[in-house]
Each structure stands twice: as structure tokens, then as C-alpha cells.
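Got the viewer open? Let's take a short walk through this one, from a single side chain out to the whole chain.

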Amino acid sequence: MTIAPPDEARRAELVTSLGRVRARIADACAAAGRDPQTVTMIAVTKTYPATDVITLAELGVTEFGESRAQEAGPKVAETARLLGPAEHPGAVVRWHFVGQVQRRKARAIAGYASAVHSVDRVPLVTALADARGSGPPLDVFVQVSLDDDPGRGGVTIAGVPEVADAVTARPELTLRGVMAVAPMGVDPDAAFASLARVSTDLNARYPGARAISAGMSGDLEAAVRHGATHVRVGTALLGRRPPVIS
Ligand SMILES: *Cc1c(COP(=O)(O)O)cnc(C)c1O
């Protein structure tokens, strides 16, 4: 039996891109006078295979993001299979669901995710909590629409308290904070400044919910300037994706 050699070229690419992204985060933190330990990088692996997840996990990445349930389920299972404890002692892979969630997918997602960043309506809160049941609570970020365009998900700024109240009413869930994607064609600094104000208002009511999930490959510096605690990086780490229909 022959075992395929690990793809050394791909590994070298990921080593380089991970170093670049970590340096960008460190530079952005230095410029903002922030401790880099306060920013968690989530590697968004959509369209990329489980083998890339394993390679990044070997390089010390622990947080991984997916945005499409139909792709994430099999990849999570495949990653768990490849991540046998004998082959990868001590490796940790936690999954963050960052894409729009259809209610009928809530059960599967609540089964493998440690966090869902895209919670934007009360029925989804109920579905995730019911599906989670006992066990460690699921971390929840309320996704905010900064331009009131429902196309990419997110609740309006005015609607955030209702969703947040629903999350905190359920012991199966832990309210961590807010999440947003900067709208197309809007200055990311303005968008993330607005998200920071939403976060401040939420903290007045729920002091534990301080997290801000904001910033992607193109705008993570702006997000860090405005207090992002979780940046979600795909392209800059893994490479350009073919366009995805989500
Ligand atoms: C794909 C995706 C990302 C990563 O985007 P990049 O621009 O590739 O870094 C971040 N957040 C969400 C919600 C995504 O769907």
C-alpha cells in the first residue's frame, strides 16, 4: 500500500500566507495600540478541502470558519477523521459558522459548531437552542446589517436588542457579541465604526457580550482599528476562490 505524500507545495504556500496574515494582524494591532492576543483569527476554509484545515491546524490555527451548511457538514466530518489523535496529538479544530443559516440546517450546525456568527432572527435563535440541547453552550454573535440590505443577512441595528434578548433567554446559548460584513461600496472604516457603536449599546445591556466579529481579507486592518476581536480570513490565507453561490 502506498500512502500519498503530503502536498509539500501547498503546505509551503499556507506557511507563507499564514505568516503574512499574522503579520498584518500584528501590524494593525500595533498601529491601534492593541494587544494582538485580543484578536482571534478565524480561517475561513469554504471551497477548500479538509486537508488544508489539517495543514493549518498543524501550523497552530485552531479556529476555522465555514459559510455553507451543505459544504461544512461533510468537511467537518472529514477533518475529524483525518485529525486522529495519534497522527495529530494536541491539535484543536473549532468550527465557526459564519454564513446565512436556513432554519432546517440549524440542527446539523448546532451539532458541530462551537460558534455561530450569523444569528439574525428570533426563530433561528430558537432552532439553534433547541438543537443544541445539553452540553457546552453554543457561542452566538448577532449579525448586524449595516446597510439594511437583507441580501447578505443580518438584523437591522434597531432589531439587535430583540435578537440579543432571545439569545440570553436560552441557557443553551452564550451571547458573545456582534458580527457584520462591511457593505459593498461603503468605506469599511465607517461601517466598522458603526458596528462598534452597536457593540457599545449591546454591552450596556449585556456586559459579557463584548466580542466583535468583523474584518475579512480586504478590510481586516479597518476592523482591528474599530475593535474587532475576531477576524474572518479566507482569501488571504487559502487563495482566491471561484465565485460561490451561497
Ligand atoms: C467568505 C467569508 C469570509 C472570508 O472572506 P475573504 O474575503 O475571503 O477573507 C468572511 N466572512 C464571511 C461571512 C464569509 O462568508
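Before selecting anything, one cut-off to keep in mind: a residue counts as buried when its relative accessible area is under 20%, and as exposed when it is over 50%. Also remember that you are looking at a predicted model.

**Stop one: a strand.** Select residues 138-143, which make up strand β5, and find Q143 in it. Is Q143 buried or exposed? Its relative accessible area is 3%, so Q143 is buried, given that the cut-off is under 20%.

**Stop two: the neighbours.** Keep Q143 selected and bring up what surrounds it. Leaving out residues up to four places away in sequence, Q143 touches H117, S118, V119 and D120, then R152, G153, G154 and V155, and also M179 and V181.

**Stop three: the whole chain.** Now switch to a cartoon of everything. You should be able to pick out nine helices and eight strands. The radius of gyration is 18 Å, close to the 18 Å that the globule rule gives for 246 residues, so the chain is as compact as a globular protein of that length. Line up the principal axes and the C-alpha trace spans about 60 × 40 × 30 Å.

Try colouring by contacts next: of those between residues at least 6 apart in sequence, 62% join residues at least 24 apart.

**Last stop: the surface.** Buried residues account for 50% of the 246. With the surface on, the chain exposes about 11700 Å², and carbon and sulfur atoms supply 56% of that. Colour by charge to see 27 positive and 26 negative side chains; the centres of these two sets lie 2 Å apart.

Key. Residues are numbered from 1 along each chain as its sequence is written. This is a predicted model: local features need pLDDT of at least 70, side-chain atom pairs count only at pLDDT 80 or more; totals for chains, interfaces and linings use all residues. Side-chain values use heavy atoms; hydrogens and water are left out. Helices (H or I, at least four residues) and strands (E, at least two) are DSSP runs, numbered from the N terminus. Buried means under 20% relative accessible area, exposed over 50%, partly exposed in between (1.4 Å probe, protein chains only). Contact means heavy atoms within 4.5 Å. The radius of gyration is taken over C-alpha atoms; the globule rule is 2.2 Å times the number of residues to the power 0.38. Accessible areas come from the Shrake-Rupley method with a 1.4 Å probe; for residues, only the protein chains shown count as cover. Lys and Arg count as positive and Asp and Glu as negative; His and the chain ends are not counted. The place of a charge is taken as NZ of Lys, CZ of Arg, CG of Asp or CD of Glu.
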